[in-house]
Amino acid sequence: MLRPGLIPARERASVVDSPRAGILPAFPPVRADQGKGTTSDLAIDPNQEFLVQPVDASWLQCNIECQEACPVGTNCRGYLNLAAEGRFEEGYILSRDPNPVAAMCSYVCSAPCERACRRGDIDRPLAIRAMKRFLVEWHEASGIPDVIPLIPPREERVAVVGAGPAGISVARELALKGFQVTVFDSLPYGGGTMLIGVPAFRLPREAIEMDIRLVEQLGVKFVFNTTIGKDIPFEQLQRDFDGIAITAGAMDAVALDVPGGDLEGVQYGVDFMKIANLGQELEVGRDVVVIGGGYTAMDCSRTSLRHGAEHVAIVYRRTRSELVVDEEELGETEREGVRMEFLASPIEVLGEDGRVTAVRFIRNRLGEPDASGRRSPVPIPGSEFEIKADTVIPAVSQSADLSFLPVEASFEINRGRVKVDPATYATNVRGVFACGDFVTGPTTLIEAAGHGKKCAYAIDRYLTGRSDVSVVANVKITSSWRHDMPEFYDVLPRQHIPMAPVALRMPSTEPSVNFTTPVELGYNANQAVAESTRCLMCNFNIWFDPFRCVLCGACADVCPEGVIHMVDVNQLKSEGLLPEIEEAYGWDQGAAMILDEERCIRCALCVKRCPFDAITMERFELQEVSSDGRLYKESYRDAQLAGTPGVAGGSR
């Protein structure tokens, strides 16, 4: 039964229609003289309504936003907490376990976890990707061997077409289940887009080799320099293997559809980067214009500088705020001297004697949102201008090459891509699955890896005859009146990621030297510990005990972020069947304590200040184990992580 004036212990309040459950707007803190339990003394707008939700496993896990944002479910908070304690090898194991391409991600991941990081609402988010890099490099330097699990072999054979991030992910997940996996790729090495699309000064080849090596140690066979449809007919794969996963990526450039697009000196970004990455001769003029606003455009511009270009401009049809690259990548591009030109679209490539001389653009303004929700660029009549160019590099988009698929197989195609069932990743051809950029179009490294993992699970179900898989959440919540965050965690600034000085990034007249000279240098141990100490430990949550709280308001007084408030119980709206709340409606003296989980920094001052021990900190831990034996998520367990069966690093 609900006591007058209090909400139940296992419920939180959030703004009605809020896009993120459990998040409140920041209000002025309740003063002590306002916390007397009468609605007339409350500091919240009496017209504001709050949605009350049961605090279950789903709500608590979604509260750990970095892990929820990661397409492969990496327990970012867990390995940050381990690193803060100096437990670097355990942190590496936890960061590696759910991510088949962890080494590559540590250098060039788009880091959706950082955009979701709650610390970003306080000052700046954790440098999660840079921390992963530190752990990967620490592990490699330590010489500690990787523990390869003993996996009972199965008879079923699976062919994977493409050794990029999606293909590596499919191969690794299926190998962990004992399947015999062979990966085919037309390139001389593995990595796919990461190998030929990302420059070596951002992604060392050793990182690609590390991920490939770990998959090989699971028994996966890689066959390079082999083109399916040419060296091996696709029909042969269908005869020799029980299942096929097509992860061939999207490596064909989308044509620049303007007059002059076929002039000499026009070289598409994907081809430009492939030549540079394979060490072939690359012709770059004095003046280079790159058209596009993604990572490929940034890489092409910086690669051009390293191959002798003197003036490089990136022209993007939208605004700076709509670029899809992270701010650090954009910042380093500009620091190296690349000029950014926004709100402009190409209308013609100009030339003389068949050779590029300039590009004519037209200015844009942003109009109504397009299908993706972004505002569409609208040309401004009479705003044309030209930029001088010897080399023009369109880096707008890429598409999949479907030419290796046999016509007689009758694959269902939709908008130039093989159509798959979104739930099973199966094509309309029996035994053939597809995923990654080959299906979705160009995405990020980590998105492709997440797609590959899910595809592997679907292939596993197909080959083993499982129709569905149930997932059971094993939840552990530990309450404590004693909780201490690390010293100075709340005032430590984000640690600057060390970068090579601009003057030292291109130290040679040899393009090959400049192209392989690293830009980002990475954290040392002290910087890594300091950065990971900034984590807000979102697996801890504050709990108000309704049978101890006397509504004195001391917790609201002491809160440094002003996130604890008292509201009229009649302002609460319940989600689902919550009879305690229904019974509380109508009390003119009723009040409820609510907490803004988004801005809570887990300092535990409210816990220590409460005179009646009515507030505790709860540590939430979750394992989700499915009926097919997969561990989908894992929590950071104090001093229990390494060697625990079913947890990262332990045997399964």
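**A chat about helices and cores**

Q: Let's start with His 139: buried or exposed?
A: His 139 is buried, with a relative accessible area of 1%. Keep in mind that this is a predicted model.

Q: Good to know. Where does His 139 sit?
A: You'll find His 139 in helix 7.

Q: And what is His 139 in contact with, leaving aside neighbours within four places in sequence?
A: Setting those neighbours aside, His 139 is in contact with Glu 89, Tyr 92, Ile 144 and Asp 146. Glu 89 and Tyr 92 are among the buried residues of helix 4.

Q: Tell me about helix 4, then. How many of its residues are buried?
A: Helix 4 covers residues 88-96, and 8 of its 9 residues are buried, so the rest of the structure largely encloses it. The buried residues are Phe 88, Glu 89, Glu 90, Gly 91, Tyr 92, Leu 94, Ser 95 and Arg 96.

Q: Which helices do those buried residues of helix 4 pack against?
A: Their partners are helix 3, helix 5 (102-108), helix 7, helix 8, helix 10 (205-216) and helix 19 (525-533).

Q: Helix 3 and helix 7 are both in that list. At what angle do helix 3 and helix 7 pack?
A: Helix 3 (residues 76-84) and helix 7 (residues 128-142) meet at an angle of about 55 degrees, and their axes are 11 Å apart. The two helices are therefore oblique to each other. Helix 3 passes helix 7 in a left-handed crossing.

Q: Which residues make that contact?
A: From helix 3 they are Cys 76, Tyr 79, Leu 80 and Ala 83, while helix 7 brings Ile 128, Met 131, Lys 132 and Leu 135. By type, the contact of helix 3 with helix 7 has 7 nonpolar residues, no polar ones and 1 charged.

Q: Let me zoom out. How many helices and strands are in the chain?
A: The chain has 22 helices and 26 strands. It is 652 residues in all, and 57% of them count as buried. For contacts between residues at least 6 apart in sequence, 74% join residues at least 24 apart.

Q: How many residues are in the largest nonpolar core?
A: There are 137, and those with the most contacts inside this core are Val 170, Leu 203, Val 290, Ile 459 and Ile 564. Helix 16 (residues 445-464) gives the largest share of this core, 9 residues. Another core, of 22 residues, lies apart from it, and Ile 232, Ala 400, Ala 409 and Val 429 are among its members.

Q: Back to Ile 459. What is Ile 459 in contact with, leaving aside neighbours within four places in sequence?
A: With those left out, Ile 459 is in contact with Val 158, Val 170, Leu 174, Ala 245 and Phe 433.

Q: How do helix 8 and helix 16 pack?
A: Helix 8 (residues 165-176) packs with helix 16 at an angle of about 35 degrees, with the axes 7 Å apart. Here helix 8 passes helix 16 in a right-handed crossing. Val 170 and Leu 174 are among the helix 8 residues in the contact, and Ile 459 is one of those from helix 16. The residues of this contact divide into 11 nonpolar, 2 polar and 3 charged.

Q: New topic: helix 13 and helix 14. Why do they count as roughly parallel?
A: The axes of helix 13 (residues 295-306) and helix 14 (residues 327-335) cross at roughly 25 degrees and come within 10 Å. Angles under 35 degrees count as roughly parallel, so that label fits. Helix 13 passes helix 14 in a left-handed crossing.

Q: Which residues take part there?
A: Helix 13 offers Tyr 295, Met 298, Asp 299, Ser 301 and Arg 302, and helix 14 offers Glu 329, Leu 330, Glu 332 and Thr 333. That gives 3 nonpolar, 2 polar and 4 charged residues for the contact of helix 13 with helix 14.

Q: Ser 301: buried or exposed?
A: Ser 301 counts as buried, at 0% relative accessibility. Neighbours within four places in sequence aside, Ser 301 is in contact with Val 290, Val 312, Ile 314, Thr 333 and Val 338.

Q: One last residue. Where is Ile 362?
A: Ile 362 is in strand 12 (residues 355-369), and at 10% relative accessibility it counts as buried. The C-alpha atoms of Ile 362 and Pro 379 are separated by 6.4 Å, with the two residues 17 apart along the chain.

Notes. Residues numbered from 1 in each chain as written. Predicted model: local features only at pLDDT ≥ 70, side-chain atom pairs only at ≥ 80, totals over all residues. Heavy atoms only, no water. Core = buried A, V, L, I, M, F, W, Y, C linked by side-chain atoms within 4.5 Å. Buried < 20%, exposed > 50% of the residue type's maximum accessible area, 1.4 Å probe, protein only. Helix = DSSP H or I, 4+ residues; strand = E, 2+ residues; numbered from the N terminus. Contact = heavy atoms within 4.5 Å. Axes fitted to C-alpha atoms, helices over the stretch in contact; angles between N-to-C directions. Parallel < 35°, antiparallel > 145°, perpendicular 65-115°, else oblique. Left-handed = near helix turned anticlockwise from the far one by under 90°. Nonpolar A, V, L, I, M, F, W, Y, C, P; charged D, E, K, R; others polar.
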